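Got your viewer open and a selection box ready? Here is a walk through one model, stop by stop, with something to pick at each.

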Amino acid sequence: MRMRLKKHLDERIENVSSILLHQEGDEFFTKSEEERHALLKLPQDIFGNNHPLYLELGCGKGTFAIQSAIANPDINYIALEKLSNVIVVGCEEALGYHLNNLRFLNIRAENTHYHLPPKCAQRIYLNFSCPFPKKTYANRRLTSKNFLSMYKVLLTDDGEIWQKTDNKDFFDFSKESLVENGFEVFDDMILPADYPGNIVTEYEAKFRELGKPIYCLKARIAK
Ligand SMILES: C[S@@+](CC[C@H](N)C(=O)[O-])C[C@H]1O[C@@H](n2cnc3c(N)ncnc32)[C@H](O)[C@@H]1O
């Protein structure tokens, strides 16, 4: 049964290869540093233009990235997600819209710098990233030190990080970590449901239905 499910997933992944830039399997860990860097692609080669690039890390089923790409045809989007059975759903839906400005990467966020060059991204979205427990797994949080160091490399000089979360502890951790690691938080609020231009993510819709406050911040590299 498991073999059949895997085969079915492999077929689905194959069918979305025009929009899925790379799928990182266990073989990634056997690659040398040089081989990992050889995976790098330039945004111009991917999209055929020099439009600004926005990344979403941990995109789930891609609702936010798809809606953003539809609303902003002059922005390029790359949405990445570590789970192949989840990202494939987004890829399948996106194909139906024939979007030239959206691609997906089935990779772990911590490896983004092997796939994309320095200073390529004007914005990084962290939408409802897993709030891993602070005591035991703080370094897995997408706003912990090592991730922020990587974002500094990926972002343009005026690039920004936009985070949304329902988890107050994670939000407070993020603000502290950003400032400790050379970022300036220039916006910090509870996001109203009808905030102009807000694109609601899959998890945001679930949390809003439960009546939970949604915390939102914007940060940039401190001058
Ligand atoms: C709570 S979901 C949020 C999905 C989506 N952003 C939303 O707002 O609806 C978090 C997603 O991040 C993914 N994720 C967690 N850690 C990751 C990592 N290190 N690299 C890539 N994806 C990751 C999970 O697999 C999951 O799909």
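The tour starts with the sheet, moves through the core and the helices, and ends in the loops.

**Before you start.** Keep in mind that this is a predicted model.

**Stop one: the sheet.** Switch to cartoon and pick out the strands. What order do the eight strands of the open sheet follow? Going across, you pass β1-β4-β3-β2-β5-β6-β8-β7, and the pairing is mixed. At the edges sit β1, residues 20-23, and β7, residues 183-190, each of which pairs on one side only. Try looking along the sheet, too: on average, neighbouring strands are turned by 15° against each other, if you ignore direction.

**Stop two: β2 and β3.** Select 53-57 for β2 and 76-80 for β3. These two strands run parallel and share five bridges. For a concrete pair, show L53 and its bridge partner in β3, N76. Now colour β3 by burial. All five of its five residues are buried, so the strand is largely enclosed by the rest of the structure. Which way do the residues point? N76, I78 and L80 go one way from β3, while Y77 and A79 go the other way, and all of them are buried.

**Stop three: the core around L80.** Stay with L80 and widen the selection. The largest nonpolar core counts 45 residues, and L80 is among those with the most contacts inside it, along with L55, A65, A79 and I124. As a rule, nonpolar side chains in soluble globular proteins tend to be buried together. What does L80 touch, once residues up to four places away in sequence are set aside? Show L55, L57, C59, F104, L105, I107, A109 and T112: those are its contacts.

**Stop four: β5 to β7.** Move along the sheet and select β5 (121-127) and β6 (155-165). Six bridges tie these strands together, and they run parallel. A121 is a handy marker here, since you'll find it opposite L155 in β6. Next, add β8, residues 215-221. Here the direction flips: β6 and β8 are antiparallel, again with six bridges. Zoom in on Q163 and you'll see its bridge partner in β8, L217. On to the edge: β7 and β8 are antiparallel as well, joined by seven bridges. Pick I190 and Y215 to see one of the partner pairs.

**Stop five: a helix over the strands.** Keep those strands on screen and add residues 145-154. That is helix α8, which lies across β5, β6, β7 and β8 and runs at about 135° to β6.

**Stop six: two helices crossing.** Now select 2-15 and 84-95, which give you α1 and α5. Their axes come within 10 Å and cross at roughly 40°. That angle makes α1 oblique to α5. The crossing is left-handed. Which residues meet there? Show L9, R12 and I13 on the α1 side, with S84, N85, V88 and E92 on the α5 side.

**Stop seven: two positive phi angles.** Pull up a Ramachandran plot if your viewer has one. Most residues other than glycine have a negative phi. H98 goes against that sign, with a phi near 50°. You'll find H98 in the loop between α5 and β4 (102-106). Is H98 buried or exposed? It has 7 C-beta neighbours inside 10 Å, so it counts as exposed. K119 is not a glycine either, yet has a positive phi of about 55°. Look for K119 in the loop between α6 (112-115) and β5. With 13 C-beta neighbours inside 10 Å, K119 counts as partly exposed.

**Stop eight: S144.** Select S144, in the loop between α7 (134-137) and α8. S144 counts as partly exposed because it has 18 C-beta neighbours inside 10 Å. Apart from neighbours within four places in sequence, S144 contacts A138, N139 and S177. Draw a distance from S144 to C59, and their C-alpha atoms come out 18 Å apart, with their positions 85 residues apart along the chain.

**Last stop: P196.** Finish in the loop between β7 and α10 (202-209), where P196 lies. P196 has 5 C-beta neighbours inside 10 Å, so it counts as exposed. For one more distance, pick H8 as well: P196 and H8 are 40 Å apart, C-alpha to C-alpha, and 188 residues apart in sequence.

Definitions and conventions
Residues numbered from 1 in each chain as written. Predicted model: local features only at pLDDT ≥ 70, side-chain atom pairs only at ≥ 80, totals over all residues. Core = buried A, V, L, I, M, F, W, Y, C linked by C-beta atoms within 7 Å. Buried ≥ 20, exposed ≤ 12 C-beta atoms within 10 Å, placed from the backbone. Contact = placed C-beta atoms within 7 Å. Pairing = 2+ DSSP bridges. Helix = DSSP H or I, 4+ residues; strand = E, 2+ residues; numbered from the N terminus. Axes fitted to C-alpha atoms, helices over the stretch in contact; angles between N-to-C directions. Parallel < 35°, antiparallel > 145°, perpendicular 65-115°, else oblique. Left-handed = near helix turned anticlockwise from the far one by under 90°.
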